[in-house]
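User: I would like to learn how to read packing, cores and sheets in a model like this one. Could you take me through it feature by feature?

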Amino acid sequence: MTAPFRLPPPDPYRGTLPDTVDLAIIGGGVIGICTALFAARAGLKVAVLEKGRVAAEQSSRNWGWVRVQGRDLAEIPIAQEAQDLWQALDAEAKGRIDVKQVGVTYLAKTEKELAGFQGWLDDARPLGVTSRLLNRAETLEVLGGAQGDWVGALHTPTDMKAEPWVAVPELARMAEAEGAVIVEGCAVRALDRTGGAVTGVITEAGRIACDQVVLAGGAWSSLFLKRHGVNIPQLSVRSTAMATRPLPQVLPTAAVDDKLAMRPRADGGYTLAPAAFSELFLGRDTFRHLARYLPLALTGEFDVHLRGPQPRGYPDAPGTPRNWRDDEESPFERMRVLDPAPNMGKAAEVKRRFAAAYPDMGEVDHADAWAGMIDVLPDVVPVVDHVEALPGLIVATGMCGHGFGIGPGFGRILADMVQGRDPGHDLSRFSMARFSNGSRLRPGPNI
C-alpha cells in the first residue's frame, strides 16, 4: 500500500564522495538516476550528486504516466524503448517498481479535438504505435461507465503507469547495486575546467575529478548553465495534483480531457490533476525569453496562468544570484528541495469533476495534494545534447512534463553519449543549437 504522496525516505544515499570518477551526474531525478544505472552497467565509475534528495522534486510529483501517446514524433521511438526498459527493470526488481499496463486515453469533447487526435495518429502510425480512435460508446466502456460529454477518444492500450516516488528510488537502489555512488545533500557549485574543457566538478564537499558530466538538474539546469555563460530559454511552471482516498476501482485506464486528468493508483485511490493547467511565476528569465514563448502562447493550446514573482529561493526569483564563487554557498544549497505549495482551489475543482464523472462511486475524499515545478522549453521538447561551449558537459533538461515516462530511454541514451557510442536514435530534434542558429522552432503536440 503506497501513501498518497510523500518525499522519498530522508537521506538514504550517503555514498562517500570519490576523488575521481569517469562520469559525474548533477541531479538525482529520474533522468540522472537512469543515466547512472546504465553508465554503471557499462563499467563506468559514476557519481550522482544531488543537492537535496533523490527524486524529491518533479520526478516524484508527476502524474506517473509512462506513455507513447501524444508524444512528439522524435520522442516516440525513445518512449517505446523506455516502456520496454521499464518492464525489464521492474522484472529485475521483482515487481517493486510496480509498472502496470493500463493504457492512456485522451478524451475529445468536440469533433475538432477528435480530428486533432486523428492527425497525430496518422503521423505516428508508421512508427508502430498501438493507438486507435474510439467512438463515444467505446470511450465510455474504456472509462468504466463514466458520465461525460465526450464524443470519442484516442486510446493507446500498451501505455503504462507507475507510482513515481516509489519507482525512482527503486531505480536508485539498482544503480547503487551496480556500483554507482549516490550522494544526497551535496550540491555541485560549478564545473572545474582546464583550457575550457571539463576536468571536474566543484561540490560543497570538495572537488571530484572527471572529464564527463551530465547535467540533469530539471528546473535548476538553466541557472547552473548561466553560471558558466551558457543560456537556454528554459522556464518552469507550477503544476498541481492530488490523490483521493481509496475508492472503488472502476476506472481502469489513465485518462484526460481539457479539464481533468485521472488514473488509478496502487493504493486504491486515484491521482487527479487539472489537465494542462499550469502557473508561471514571473522572474527575469520570463521577460528575457518572452519572445521565444509568444508563438506557443498565441496558439491558445496551453492553459498557462501568470502569477507574481517566483518565491524566495526559486531558480528565477528576484533575489536568486546568477553568479557565485566556487568557495561560497550556491543557490542550490539555499533551497535543497523545490517544494511549491499546491493550488488547493484547482485540487478541489478536479475532485468535483471526478465525482461528477462517477456519481455512483460514493463520496470522493481528498487524501493529499502537492505541486511540482516543471522545466519547460518553448517548443515543448527537451534538450539532450553536448554543450559545445563546455567540452565534456552533456545537458538533459526541459523535459516539459514528459521526463518520468521516458526517463529510462534517455538514461540509456545519455550513458551511450558519454561513452561516445551511437545513441541509436536521431537526436537532432533535441539539439541546443536550435535556440541559436536562427531555425524556426516547431512546437511539439499538445495532446
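**Reading helix packing, cores and a small sheet**

Analyst: Gladly, and let us begin with a pair of helices. Helix H3 (residues 76-92) packs against helix H12 (residues 403-418) at an angle of about 95°, and their axes lie 7 Å apart. Keep in mind that this is a predicted model.

User: How are H3 and H12 oriented to each other, roughly parallel or roughly perpendicular?

Analyst: Angles of 65 to 115 degrees count as roughly perpendicular, and H3 and H12 are therefore roughly perpendicular to each other. On the H3 side, the contact is made by Ile 78, Ala 79, Glu 81, Ala 82, Leu 85, Trp 86 and Leu 89. H12 brings Phe 404, Gly 405, Ile 406, Pro 408, Gly 409, Phe 410, Arg 412 and Ile 413. Sorted by class, this contact has eleven nonpolar, two polar and two charged residues.

User: Which residues make the contact of H1 with H3?

Analyst: Start with the geometry: the axes of H1 and H3 come within 14 Å and cross at roughly 70°. H1 and H3 are therefore roughly perpendicular to each other. Leu 37, Phe 38 and Arg 41 of H1 meet Leu 85, Leu 89 and Glu 92 of H3. By class, the contact of H1 with H3 holds four nonpolar, no polar and two charged residues.

User: Now to the interior. Which residues touch the most other members of the largest nonpolar core?

Analyst: The general idea is that nonpolar side chains tend to be buried together in soluble globular proteins. Here the largest nonpolar core has 76 residues, and Ile 97, Leu 171 and Phe 410 touch the most other members. Helix H1 (residues 30-41) gives the most to this core, with nine residues. Look at Leu 171 in your viewer: beyond its neighbours within four places in sequence, Leu 171 is in contact with Ile 33, Cys 34, Leu 37, Trp 86, Leu 89 and Ile 97. There is also a second, separate core of 48 residues, and among its members are Leu 225, Val 230, Val 376 and Val 387.

User: And sheets? In what order do the strands E10, E11 and E12 lie?

Analyst: In general, strands of a sheet pair through backbone hydrogen bonds, either parallel or antiparallel. In this case three strands form an open sheet in the order E10-E11-E12, with antiparallel pairing. Strand E10 (188-194) and strand E12 (206-209) are at the edges with a single partner strand each, so one side of each has no neighbour in the sheet. From one strand to the next, the twist averages 30°.

User: How many bridges join E10 to E11?

Analyst: Six bridges join E10 to strand E11 (residues 197-203). To follow the register, find Leu 191 opposite Val 201, and Thr 194 opposite Ala 197. The hairpin of E10 and E11 has two residues between the strands, and Gly 195 there takes a positive phi near 60°.

User: One more glycine, please. Is Gly 269 buried or exposed?

Analyst: Buried means under 20% relative accessible area, so Gly 269, at 0%, counts as buried. Gly 269 lies in the loop between strand E16 (261-264) and strand E17 (270-273). Its C-alpha atom is separated by 5.4 Å from that of Leu 247, 22 residues apart along the chain. Setting aside neighbours within four places in sequence, Gly 269 has contacts including Thr 244, Arg 245, Pro 246 and Arg 263.

Notes:
Residues numbered from 1 in each chain as written. Predicted model: local features only at pLDDT ≥ 70, side-chain atom pairs only at ≥ 80, totals over all residues. Heavy atoms only, no water. Pairing = 2+ DSSP bridges. Helix = DSSP H or I, 4+ residues; strand = E, 2+ residues; numbered from the N terminus. Axes fitted to C-alpha atoms, helices over the stretch in contact; angles between N-to-C directions. Core = buried A, V, L, I, M, F, W, Y, C linked by side-chain atoms within 4.5 Å. Buried < 20%, exposed > 50% of the residue type's maximum accessible area, 1.4 Å probe, protein only. Contact = heavy atoms within 4.5 Å. Parallel < 35°, antiparallel > 145°, perpendicular 65-115°, else oblique. Nonpolar A, V, L, I, M, F, W, Y, C, P; charged D, E, K, R; others polar.
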